[in-house]
Amino acid sequence: MRNLKTYFIAVCCLLLSIAAFAQEFVPNYEESKIPAYALPEILVSKEGQSITSVDQWETIRRPEIVTDFETYVYGRIPKEKFEVQKEVLIEADILGGKAHLKETKLTFSRQGRQISMNILLILPKKIDKVPVFVGLNFYGNQTILDDPAIAITESWTMQNDHFGIVNHKATAASRGVRHYRWPVGQIIARGYGLATIYYGDIDPDKDDFTDGVHALFYQPGQIRPDKDEWGAISAWAWGLSRSMDFLEQEPAVDASGVLVMGHSRLGKAALWAGARDQRFAMVISNDSGCGGAALSRRKYGETVGRITTSFPHWFSDNFDQYANNEDALPVDQHMLVALVAPRPVYVASAKDDLWADPKGEYLSAYRAGEAYRLYNLKGLASETMPEVNHPVGASVGYHMRTGVHDVTDFDWNAWMDFADRHLGRE
Ligand code: GCU
C-alpha cells in the first residue's frame, strides 16, 4: 500500500513537470501570428477629448500618460528629499592629454540608510560647455576604458567569468572589457563628453528590494515597494536623474545638452528617465525591446508575460496583471517615446535582435511622431521600415543596423550625427 502511494506521488510529480515543460515560453517570430491589436491613442485624453494643441498635450494628456506608466508599468518614483554628498575620487588627463577624466562618488542618504554611486565623467580638453552623453553600464565604470585611474566597482555585479567577475565582484581583469561599446576616443574627437555610472550602484539587478535605493524611501516597517511603487527600471531612471543633477553643477558641461542613452534593459531605463525628466535634451534607446521601445501588444519575441516572469523586479507589481492581457494595458510603448516630445528621440534596433522586436520598436517610434506634430516637428516619414543600415528621421530618429543585440560604432556614429544636427553642430 505504502509503495503504491509513493508510486502514485512520483507519477504525479512527473506529470506536473511535463506540464510545466510544455508551458515553457516559446517566442513568436511570425508576423502572421501577431494577434490583431489596437493601440491606445496618444492624442485622446482619458475623458475622450481630442488633443490638438501643445497646451492640451502638456497640461492634460502628457501628465495622464506619465501617471499611467508610473502606476501600471514602471512604478512611482518617490519625490521625498534626500541628502547628497560628493567626493572626487580621481582626476587625470587621458588619451594623450586630449581628454580629462574625473570620477566622483555621490552618496545619497535618508532615514539612516545610504547608497553610493560613482559617476565617471570624461570631457574633451579645451572645449567649454561640452554636450555630454550619459548612460548606465552593465559591469562597472572600469569596464568601459582600460585605465588604472578608474575605480573598480565594489557593488554586486552579475556573474560573468569572461569579464573577470568572481563571485559577483568585479576584479582587475574586468578593466576595459566593454571598451568596444563605449568608443571614448571617437566621442571625444567629435567634441562630446561622456558620463557613465554602473547601474548596480543604484540597485543591484536581482529580485531583492533591500539592497538598492528603494530602502532609503520605505515607510516604517516597509520591506518592499507597494504595487504601484518603483521597480528596478524606475530606480535606474532615478539614478540617471541624479547624474543630471550632478552634470548641471559641472561648469565645463553644457547642461542644456545632456543626451541620455542606454542599451537593452538600460535602454528601457534611459527611455523612462528621458520621458519623465525633461532636463535631458535628447533620448537614445538601443535594442531596448519589451518594456522599452517595442510595442507590447505585438507579442513578438519577448512578451509582458515572459519579462514579468524572468525579471519580476524590473517593473511595478501592477504590471504583472498585463501578462497575456496586453490589450487591457492603458498605455503601450509608443506613448513612452511620445513623452520625449518635443526633444529629439532616437530608437535603434539590430536586424538579428528578434527577441527585442525591431519592427515593434520602429512602429512605436513611428506612432510617437503624432506628439511631435503638435510642435510642428517631423517624426518618421513612413510606416514602412527603412533599409538596413540606413538612419532616417527628423525629430524622431531610427535605424536598424545589421548584426545582433549589442552596441557598435555604427550606432554611436548615427547618434552623434543625429546629435550634431539637433545641437546645430554640423
Ligand atoms: C534579456 C531581457 C531583455 C533585456 C536584455 C538585456 O534578454 O529579456 O528584456 O533587454 O536581457 O538587458 O540585455
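**Reading the fold of a predicted protein chain**

Trainee: What radius of gyration does the protein chain have, and why does that value agree with a compact globule?
Mentor: We are looking at a predicted model, so each value is computed from it. A compact globule of 426 residues would have a radius of gyration near 22 Å, and the value for the protein chain agrees with this, because it is 22 Å.

Trainee: How many helices and strands does the protein chain have?
Mentor: Both kinds of secondary structure are present in the protein chain, whose C-alpha trace spans about 85 × 50 × 45 Å along its principal axes. The secondary structure comes to ten helices and eleven strands.

Trainee: What share of the residues of the protein chain count as buried?
Mentor: A residue is called buried when its relative accessible area is under 20%. Applied to the 426 residues of the protein chain, that cut-off gives a buried share of 56%.

Trainee: Which helix gives the most to the largest nonpolar core?
Mentor: In soluble globular proteins, nonpolar side chains tend to be buried together. Here the largest nonpolar core holds 91 residues, of which Trp-57, Phe-69 and Trp-236 touch the most other members. Ten residues of this core come from the helix that gives the most, which is helix H5 (residues 232-248).

Trainee: How many residues make up the other core, which lies apart from the largest one?
Mentor: Among the members of this other core are Leu-101, Ala-149, Trp-182 and Ile-187. Counted in full, the other core has 30 residues.

Terms used
Residues are numbered from 1 along each chain as its sequence is written. This is a predicted model: local features need pLDDT of at least 70, side-chain atom pairs count only at pLDDT 80 or more; totals for chains, interfaces and linings use all residues. Side-chain values use heavy atoms; hydrogens and water are left out. Helices (H or I, at least four residues) and strands (E, at least two) are DSSP runs, numbered from the N terminus. The radius of gyration is taken over C-alpha atoms; the globule rule is 2.2 Å times the number of residues to the power 0.38. Buried means under 20% relative accessible area, exposed over 50%, partly exposed in between (1.4 Å probe, protein chains only). A nonpolar core is a set of buried Ala, Val, Leu, Ile, Met, Phe, Trp, Tyr and Cys residues joined through side-chain atoms within 4.5 Å.
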